[in-house]
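Please read the following walk through one protein model with the sequence and the 3D view open side by side. The text moves from single residues to helices and then to the cysteines.

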Amino acid sequence: MQLRDSNLQRLAQETFDVLIVGGGINGASAAAALAGKGVKVALIDRGDFAGSTSQQSSNLVWGGIKYMESYDFSLVRKLCRSRNHLIESFPSTVQEIRFLTTITKGFRYRPRTLWAGSWLYWLMGNGFTRRPRFLTPSAIRQEETIIDTDGVLGGFEYSDAYLHDNDARFVFNFVRGALDYGACTANYVESQGARRVDNLWVCEARDVTRDREFEIRARVLINAAGPWVDAHNAASGQATEHHHALSKGIHLIVPRLTDSQRVLAFFADDGRLFFVIPMGPRTCIGTTDTRVDSAQVEVTDEDIRFVLDNINKRLSLARPLAAEDIIATRCGVRPLAVKANANNGRDFLQLSRKHAIDTDAASGHISVFGGKLTDCLNVGEEIVAEVQRLGIQVPHPAERWYGEPDDSVKREFLHQASLMGLDDLTPASSTEPLTVRLWRRYGVQALDMLREIQEDPRQGELLIEGTEYLRCELRQARKREMITRLEDFLRRRSKIALVVGRDEIRQSPGLREACDILFGDQAKARLDEYFDATPETATPHTTTPSNASG
């Protein structure tokens with residue numbers, strides 16, 4: 001907790017060029033971009049970083065093929081280019097994956113029409129990925145035996161990308177990057193609104209963990225509070241051109257359904273795309289799209305029935321999936337940017353995830369609406385331009401603020417790992433060699449972990465049964481990842497809570513030691529806090545949202 005405590009002192013004592021409220025993908029990328037270019041920036045979130053919408057995605061980085069149906073070609077082109085840039089910039093984390101889409105009788109388009117559309121999609125992405133291909137029902141049966149091909153007319157395969165680890169981890173790495181560039185960030189700090197005083201924004205903040213109030217001062221205020229942007233603007237007296245419409249989406253995590261490393265895509269009964277997504281030893285299925293009026297959402301029995309009914313109709317399984325097969329759920333809201341008092345006449349399901357940035361130059365206030373993981377680098381760059389337009393000096397405007405370390409650093413890591421035989425230490429239960437996993441998660445910091453393992457071989461041992469986390473990774477997390485509650489580690493810095501059942505986590509002999517490493521003398525309190533959650537959060541069928549933004 002030393003990192004967080006020192007940053008809390010800075011927040012109360014210093015004046016910043018920019019204060020960002022909300023640590024989801026928009027706020028995290030903005031913080032990394034500004035800090036990387038030399039701006040003095042602070043970032044707060046009333047829950048954990050990536051604790052809301054940014055932890056509930058499909059883990060996909062895609063060019064928005066569904067927006068082609070609404071002829072939003074400029075958005076598709078932009079998202080395809082963003083996807084390509086992410087794959088190039090984060091080759092260990094953002095990787096190409098094939099999508100196999102099955103078309104059944106009665107669907108509004110013929111399979112070959114959609115296949116032709118996938119070629120247009122490929123061309124709009126500059127032919128960056130593997131080419132699309134058409135599949136007959138017999139070819140689908142041969143390649144994916146779990147697909148029920150009764151009534152299937154054909155299908156097509158195309159490429160997009162996915163996050164090898166989880167979405168929240170990807171977001172946190174931007175927060176960590178901002179910290180490395182000198183930003184002051186803290187989770188579990190709530191903004192209760194802000195006011196303009198003597199050309200400064202004064203934010204009324206509260207440390208949620210200690211219920212202590214203090215003030216944060218900055219020349220520019222950025223509201224990146226995700227689903228709570230409108231509420232925070234109201235609390236700060238801001239009127240904006242855009243506001244949010246909210247859509248609830250859920251996913252269910254179940255035992256692995258197929259060994260193929262591709263996404264299976266179908267059109268659900270309501271006509272929207274529906275995915276079966278590989279997630280390590282598990283499979284993620286969903287999603288739903290339900291208009292809601294509040295960001296406070298939960299998985300309902302109706303949601304579960306919808307997802308299970310749709311998946312059971314389209315797969316040929318030894319037995320149908322049932323509620324008892326659910327290991328974990330994901331439930332969140334998508335904030336969709338719309339003009340005030342309008343939705344552009346479009347059907348709700350056709351509203352896109354494109355972002356919008358509203359700037360009040362007179363008061364130095366910026367609001368970020370909408371957005372998605374795929375577009376995060378654009379958001380960062382656009383925020384820098386807006387901040388500069390508001391008169392904030394950007395000392396290093398051409399500095400690159402994202403991406404993996406240089407190849408020379410990776411070569412040195414792989415060389416040292418080879419000399420010490422790191423991959424020979426890979427636990428039998430792991431899905432990939434240690435060199436691959438440690439480099440992807442930690443980059444240059446993985447070199448320090450090699451030294452720890454050399455000095456103490458126990459640091460290379462698996463700590464929590466059923467996971468892929470070594471003892472030295474917990475030490476790294478304590479020092480550099482601002483883990484305040486056990487859920488921060490189990491659900492967001494890792495995806496343990498998504499792929500390992502709650503009872504199995506509870507019974508793991510290494511869990512208490514993990515808590516000792518992470519929390520020291522607070523280990524028992526943090527452990528009890530996690531497992532003494534309300535009945536809603538203790539079952540796989542309902543969730544309550546984390547206080548994650550604003």
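Thr185 has a relative accessibility of 0% and therefore counts as buried, the cut-off being under 20%. The model is a predicted one, and every value given here is computed from it. Thr185 sits in strand S7, which covers residues 184-187. Setting aside residues up to four places away in sequence, Thr185 touches Asn7, Leu43, Phe49, Val175, Leu179 and Met482.

Some of the elements around helix H2 can be taken up next. H2 runs over residues 25-36 and has 12 residues. From its first C-alpha to its last it reaches 16 Å, close to the 16 Å expected at 1.5 Å a residue. How many of the residues of H2 are buried? The count is 12 of 12, so the helix is mostly covered. Among the buried residues are Ile25, Asn26, Ser29 and Leu34, together with several alanines, including Ala30 and Ala31. The glycines Gly27 and Gly36 are buried as well. The cover over these residues includes strands S1 (15-21), S2 (41-45), S10 (212-223) and S18 (365-369). Helices H6 (167-180) and H9 (376-389) are also part of that cover. Just after H2, Gly38 takes a positive phi of about 95 degrees.

Leu86 belongs to helix H3, residues 73-89. Its relative accessible area is 0%, which means that Leu86 is buried. Leaving out neighbours within four places in sequence, Leu86 is in contact with Val61, Val94, Phe170, Leu373, Thr374, Cys376 and Leu377. Leu377 is 291 residues away from Leu86 in sequence, yet the two C-alpha atoms are 8.1 Å apart in space.

Ala497 offers another pairing across the sequence. This residue is found in helix H15, residues 496-499, and is buried with a relative accessible area of 16%. Its C-alpha atom is separated by 8.9 Å from that of Ile327, and the two residues are 170 residues apart along the chain. Apart from neighbours within four places in sequence, the contacts of Ala497 are Ala328, Leu490, Arg491, Ile505 and Tyr530.

A pair of helices comes next. Helix H10 (residues 407-419) and helix H11 (residues 434-442) have axes that come within 11 Å and cross at roughly 145 degrees. The crossing is right-handed. Which residues of H10 meet H11? They are Val409, Lys410, Phe413, Leu414 and Ala417, and on the H11 side they meet Thr435, Leu438 and Trp439. By class, the residues of this contact divide into 6 nonpolar, 1 polar and 1 charged. The spacing along a helix bears on such a contact. An α-helix has 3.6 residues a turn, so residues three or four places apart point the same way.

The cysteines close the tour. A disulfide is a covalent bond between the sulfur atoms of two cysteines. The structure holds 0 disulfides. Cys472 is in none, and the nearest cysteine sulfur, that of Cys515, is 17 Å away. Why is there no bond from Cys515 to Cys472? The sulfur of Cys472 is the closest cysteine sulfur to that of Cys515, but at 17 Å it is too far for a bond. Are these two cysteines buried or exposed? Cys472 is buried, with a relative accessible area of 0%, and Cys515, at 0% relative accessibility, counts as buried.

Technical notes: Residues numbered from 1 in each chain as written. Predicted model: local features only at pLDDT ≥ 70, side-chain atom pairs only at ≥ 80, totals over all residues. Heavy atoms only, no water. Disulfide = S-S within 2.5 Å. Buried < 20%, exposed > 50% of the residue type's maximum accessible area, 1.4 Å probe, protein only. Axes fitted to C-alpha atoms, helices over the stretch in contact; angles between N-to-C directions. Helix = DSSP H or I, 4+ residues; strand = E, 2+ residues; numbered from the N terminus. Left-handed = near helix turned anticlockwise from the far one by under 90°. Contact = heavy atoms within 4.5 Å. Nonpolar A, V, L, I, M, F, W, Y, C, P; charged D, E, K, R; others polar. Expected span 1.5 Å × (residues − 1).
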